[in-house]
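Colleague: I have not seen this structure before. Could you show it to me and then take my questions one at a time?

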Amino acid sequence: MRMGMISERRRRQRAARMRRRCMIAAGVLLLGALAMAPGLREKLRSVSWDVQTFSGGAQQAELTLPEREIYALQLAVFDSGERASSEARRLQAKGVRCIVWQREKMRIVSSVAFTREALDLNTARGEEAYVIRDTMEAVPLRLSCGAPELAAVQTLLETPDSVLTRLLTGEEPLSDILADVMSVAGQAAGSHPDNALYTQLAQSLANWCTLMERTMEETDERSARSYAAVTMCTLCRELRLALQNTAQS
């Protein structure tokens, strides 16, 4: 009888671990879809996000998402998104927390940093890896909206960059960063239901927090922080691309 109870408990524990892994994988897809799925990317670019017309035009401000030079640890590169996704799944099954970047090719990366020396080589878990350099262009913005909303709009737009800096240059606990991001996402959620990209950014930040909370349950602080930086860096770049394409349309 006792042996049966132990077996049942172990079965439930294994099932729970599997559910957590599935939730993490789903979180990766939610966040990584911006970088992986061409259909979603084009849909995002087609959204009309006129940052000058939130409401009323009572106040104006200018801000710039700065140019960022990023070093990344690349584990593989492909011409095909399908092959990149397959390899990413293989690596994730081995415990390598990674994401696919869509550039001129599909690049699987597991660590990012502002300098080559600061890259976390342990994230490759013994896989062959190379250091690459990537530049995110500066994006100047002019905001015009009601005075009560202006500060919130600025905060939301600047959050991905500020979080990336905190992750790569600070030592504060990841849990504290998550609390701040969740607060920003919560305040922005539903504030502008007619503005799809504003809503999408708020939801992406909330998804990121959920993913990082689950990641922290599965691994240590250092590994979770490294993965947090990789995924947030992806969001920083995709936000720039969305804004640039909106401005050009």
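**A buried arginine and its surroundings**

Modeller: This is a predicted model. R240 has a relative accessibility of 2%, so R240 counts as buried.

Colleague: In which helix is the place of R240, and which residues does R240 touch?

Modeller: Leaving out residues up to four places away in sequence, R240 touches L65, P66, R68, M136, E137, V139 and D161. R240 itself has its place in residues 221-248, which form helix α7.

Colleague: How many helices and strands does the chain have?

Modeller: Along the sequence, the pattern reads α-α-β-β-α-β-β-β-β-α-α-α-α. In total, the chain has 7 helices and 6 strands.

Colleague: What percentage of the residues in the chain are buried?

Modeller: The chain exposes about 12900 Å², and carbon and sulfur atoms supply 50% of that area. Among contacts with a separation of 6 or more, residues 24 or more positions apart account for 80%. Of the 249 residues in the chain, the buried ones make up 47%.

Colleague: What is the order of the strands in the open sheet of 4 strands?

Modeller: The pairing in this open sheet is antiparallel, and the order is β3-β4-β2-β5. At the edges are β3 (99-102) and β5 (130-136), each of which pairs on one side only. Neighbouring strands are turned against each other, direction ignored, by an average of 55°.

Colleague: How many bridges join β2 to β4?

Modeller: One bridge partner pair is Y71 with A113, the latter in β4. The two strands run antiparallel, and the number of bridges that join β2 to β4 is 7.

Colleague: Which residue in β5 does E69 stand opposite?

Modeller: Strand β2 covers residues 68-78 and pairs with β5 in the antiparallel sense over 7 bridges. The residue in β5 that stands opposite E69 is T135.

Colleague: Through how many residues does the hairpin join β3 to β4?

Modeller: These strands run antiparallel, with 4 bridges to join them. Q102 stands opposite M106 in β4. The hairpin from β3 to β4 passes through 3 residues.

Colleague: Is β4 largely enclosed by the rest of the structure or largely open?

Modeller: Helix α3 (residues 81-93) lies across β2, β3 and β4 (106-113), and α3 runs at about 45° to β4. Of the 8 residues of β4, 8 are buried, so β4 is largely enclosed by the rest of the structure.

Colleague: Which element gives the largest share of the largest nonpolar core?

Modeller: That core has 48 residues, and W101, V112, L164, L167, L205, W208 and M232 touch the most other members. The largest share of this core is 11 residues, and they come from α7.

Colleague: How many residues are in the other core, which lies apart from it?

Modeller: Its members include L73, F78, A88 and L91. This other core has 13 residues.

Colleague: Which residues is L164 in contact with, leaving aside its neighbours within four places in sequence?

Modeller: L164 is one of the residues that touch the most other members of the largest nonpolar core. With those neighbours set aside, L164 is in contact with I70, F114, M136, A229, M232, C233 and C236.

Colleague: R166 makes a polar contact of 2.7 Å; which residue has the side chain at the other end?

Modeller: R166 is found in helix α4, residues 147-169. With a relative accessibility of 22%, R166 counts as partly exposed, because buried means under 20%. Beyond four places in sequence, R166 touches E172, D176, I177, D180 and R225. The side chain that the polar contact of 2.7 Å joins to that of R166 belongs to D180.

Colleague: How far apart are the C-alpha atoms of R166 and A229?

Modeller: Along the chain, these two residues are 63 residues apart. In space, their C-alpha atoms are separated by 9.2 Å.

Colleague: With which side chain does the side chain of R142 make a polar contact?

Modeller: R142 lies in strand β6, residues 139-145, and at 41% relative accessibility R142 counts as partly exposed. R142 and L63 are 79 residues apart in sequence, yet 6.6 Å apart in space, C-alpha to C-alpha. The polar contact of the R142 side chain, at 2.9 Å, is with the side chain of E62.

Colleague: What is phi of R125?

Modeller: R125 lies in the loop between β4 and β5. This residue is other than glycine and has a positive phi, near 50°.

Notes: Residues are numbered from 1 along each chain as its sequence is written. This is a predicted model: local features need pLDDT of at least 70, side-chain atom pairs count only at pLDDT 80 or more; totals for chains, interfaces and linings use all residues. Side-chain values use heavy atoms; hydrogens and water are left out. Two strands pair if DSSP finds at least two bridges between them. Axes are lines fitted to C-alpha atoms, for helices over the stretch in contact, and angles run from 0 to 180 degrees between N-to-C directions. Contact means heavy atoms within 4.5 Å. Buried means under 20% relative accessible area, exposed over 50%, partly exposed in between (1.4 Å probe, protein chains only). A nonpolar core is a set of buried Ala, Val, Leu, Ile, Met, Phe, Trp, Tyr and Cys residues joined through side-chain atoms within 4.5 Å. A polar contact is a pair of N or O atoms within 3.5 Å; within protein, one must be able to donate a hydrogen and the other to accept it, and residues adjacent in sequence count only if both atoms are side-chain atoms. Accessible areas come from the Shrake-Rupley method with a 1.4 Å probe; for residues, only the protein chains shown count as cover.
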